Amino acid sequence: GPKQKTVTCEPCIMCAAALGQVGIGHVVFGCRNDKFGGCGSILPLHQEIGDKDLHPYPVTSGVLEQEAVRLLRSFYDRENFHAPDDKRKRKEAIDGATVPC
């Protein structure tokens, strides 16, 4: 039968369309994606939009929303130690000089 997909953040437009193409049964997510959300924040690709290749599917949003936001913030606050030096995040020191994280 149809499958459920549970994710931290609302699927982006591309992923929301792909979920409609594969006939997902239900999508559950924690926080909205105000920049790229494809399940209502930017585009409602989960609803019937007249595209025969996209099957509509129900969405449940806001599940553990604050926890999802905290998880995403903690992920993006971390430094990627495998990134090349010129791509790593830099923090400003008190005197305004840039120092590695």
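Q: How many of the six residues of β2 are buried, and what does that say about the strand?
A: This is a predicted model. Five of the six residues of β2 are buried, so the strand is largely enclosed by the rest of the structure. The strand covers residues 26–31.

Q: Which strands does β2 pair with, and in which sense, parallel or antiparallel?
A: Take the two partners in turn. β1, residues 4–9, runs parallel to β2, and five bridges join them. β3 also pairs with β2 in the parallel sense, over three bridges. β3 spans residues 59–61.

Q: Where can I see the pairing residue by residue?
A: Start with β1 and β2. Gln4 stands opposite His26 in β2. Cys9 has Cys31 in β2 as its bridge partner. The chain gets from β1 to β2 by way of helix α1, residues 13–21, and this β-α-β crossover is right-handed. For the other side, look at Val28: its bridge partner in β3 is Thr60.

Q: How are side chains arranged along a strand in general?
A: In a regular strand, side chains alternate between the two faces of the sheet. With that in mind, pick a residue in β2 and list its contacts.

Q: Take Phe29. Is it buried or exposed?
A: Phe29 sits in strand β2. Its relative accessibility is 0%, so Phe29 counts as buried; the cut-off is under 20%.

Q: What is Phe29 in contact with, beyond its neighbours within four places in sequence?
A: Its partners include Val7, Thr8 and Cys9. Val59, Thr60 and Ser61 are also among them. Further partners are Glu10, Pro11, Cys39, Gly62 and Val63. Pro11 is 18 residues from Phe29 along the chain, and their C-alpha atoms are separated by 8.1 Å.

Q: Which residues does Leu72 touch, leaving aside its neighbours within four places in sequence?
A: Leu72 lies in helix α2, residues 65–77. Outside that sequence window, Leu72 is in contact with Thr8, Cys9 and Cys31. Recall that Cys9 and Cys31 are bridge partners. From Leu72 to Cys31 the separation is 41 residues in sequence and 9.5 Å in space, C-alpha to C-alpha. Leu72 has 26% relative accessibility, so it counts as partly exposed.

Q: How do I read the overall fold order?
A: Count elements, then read them in sequence. The chain has two helices and five strands. Their order is β-α-β-β-α-β-β.

Q: What share of the contacts with a separation of 6 or more is between residues 24 or more positions apart?
A: The share is 45%.

Q: What about burial and surface for the whole chain?
A: Of 101 residues, 23% count as buried. The accessible surface is about 7,300 Å², and carbon and sulfur atoms hold 56% of it.

Q: Loops next. Is Asn33 buried or exposed?
A: Do not judge a residue by its element alone; check its area. Asn33 is in the loop between β2 and β3. Its relative accessible area is 14%, so Asn33 is buried. Setting aside neighbours within four places in sequence, Asn33 is in contact with Cys9, Glu10, Cys12, Ser41 and Ile42.

Q: Where does Ile42 lie, and which surface patch does it help make?
A: Ile42 is in the loop between β2 and β3. At 41% relative accessibility, it counts as partly exposed. Together with Ile13 and Leu43, Ile42 makes a nonpolar surface patch of about 210 Å².

Q: How many salt bridges does a search of the whole structure find?
A: It finds one. Asp53 forms a salt bridge with Lys52, and their closest N and O atoms are 3.6 Å apart. Asp53 is partly exposed, with a relative accessible area of 42%. Lys52 is exposed, at 72%.

Q: Last, backbone angles. What sign of phi should I expect?
A: Most residues other than glycine have a negative phi. Now look at Leu64: its phi is near 50°, a positive value in a residue other than glycine. Leu64 lies in the loop between β3 and α2. Its relative accessible area is 60%, so Leu64 is exposed.

How values were computed: Residues numbered from 1 in each chain as written. Predicted model: local features only at pLDDT ≥ 70, side-chain atom pairs only at ≥ 80, totals over all residues. Heavy atoms only, no water. Patch = residues over 30% accessible without salt bridge, like charges linked within 9 Å, V, L, I, M, F, W, Y side chains within 5 Å. Areas by Shrake-Rupley, 256 points an atom, 1.4 Å probe, with all protein chains shown as cover. Salt bridge = Lys/Arg side-chain N within 4 Å of Asp/Glu carboxyl O. Helix = DSSP H or I, 4+ residues; strand = E, 2+ residues; numbered from the N terminus. Buried < 20%, exposed > 50% of the residue type's maximum accessible area, 1.4 Å probe, protein only. Pairing = 2+ DSSP bridges. Right-handed = clockwise from strand over helix to strand, strands pointing away. Contact = heavy atoms within 4.5 Å.
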